[in-house]
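Open the model in your viewer and keep the selection tool at hand. The stops below say what to pick and what is there.

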Amino acid sequence: MNETVTDYLAGMKVHVDDERCEGHGRCYALAPAVFEPDDIGNAQVIRDGTVAEDEHGRARLAAANCPEQAITIDEDA
Ligand code: F3S
C-alpha cells in the first residue's frame, strides 16, 4: 500500500511507557504497522508514533489489549 503525507495528518499519536511495558507483544501482533519489538521484545513505536488513519482501529485495539496498560493514545496530536 502506498503511504502519502495525508495518511499522517489525521491526528493520532501513540506512546509506549517503557516503565510499564513487559514485552507481552500483543501490540505489535495486533498493530504491526504501529508498534514493533525492540531487541528484548518490548514495544517501541514505529517512526514518531504518528498513526495513519487506516491504522487507528488497530492502534486502539492494541492499547486496549496491553495487559500492563503501557500504551497511551493521543487522539489530538
Ligand atoms: Fe509491552 Fe503491552 Fe505491547 S506489555 S509489548 S506494550 S502489549
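Select Gly11 and show what surrounds it. Apart from its neighbours within four places in sequence, Gly11 is in contact with Asp74, Glu75, Asp76 and Ala77. This is a predicted model. Gly11 sits in the segment before strand 1. Is Gly11 buried or exposed? With a relative accessible area of 13%, Gly11 counts as buried, because buried means under 20%. Now add Glu53 to the selection. Glu53 lies 42 residues from Gly11 along the chain, and the C-alpha atoms of the two are separated by 8.2 Å.

Next, select residues 12-16, which form strand 1. Strand 1 pairs with strand 5 in the antiparallel sense, over four bridges. To see one place along this pairing, pick His15 in the selection and look across: His15 stands opposite Thr72 in strand 5.

Add residues 50-51, which are strand 4, and residues 71-74, which are strand 5. In what order do the three strands lie in the sheet? The order is 4-1-5, in an open sheet with antiparallel pairing. Strands 4 and 5 are at the edges and have a single partner strand each, so one side of each has no neighbour in the sheet.

Keep the sheet on display and select residues 56-65. This is helix 2, which packs on the sheet. Helix 2 touches strand 1, strand 4 and strand 5, and its direction makes about 145° with that of strand 5.

Now turn to the space inside the model. How many cavities of 30 Å³ or more are there? The count comes to one. The largest cavity holds about 80 Å³ of space. To find it, select Cys21, His24, Gly25, Cys27 and Cys66, which of its 15 lining residues lie nearest its centre. Then select residues 26-30, helix 1: with three residues, helix 1 gives the largest share of the lining. Colour the lining by class and you should find nine nonpolar, three polar and three charged residues.

Last, clear the selection and show the whole chain as a cartoon. The chain has two helices and five strands, which follow the pattern β-α-β-β-β-α-β along the sequence. Of its 77 residues, 34% count as buried. Among contacts in the chain with a separation of 6 or more, 61% join residues 24 or more positions apart.

Notes. Residues numbered from 1 in each chain as written. Predicted model: local features only at pLDDT ≥ 70, side-chain atom pairs only at ≥ 80, totals over all residues. Heavy atoms only, no water. Pairing = 2+ DSSP bridges. Contact = heavy atoms within 4.5 Å. Axes fitted to C-alpha atoms, helices over the stretch in contact; angles between N-to-C directions. 1 Å grid on protein atoms, 1.4 Å probe; cavity = no way out; pocket = protein on both sides within 12 Å on 5 of 7 lines; lining within 4 Å. Points joined across faces, edges and corners; volume = space filled by probe spheres on them. Nonpolar A, V, L, I, M, F, W, Y, C, P; charged D, E, K, R; others polar. Buried < 20%, exposed > 50% of the residue type's maximum accessible area, 1.4 Å probe, protein only.
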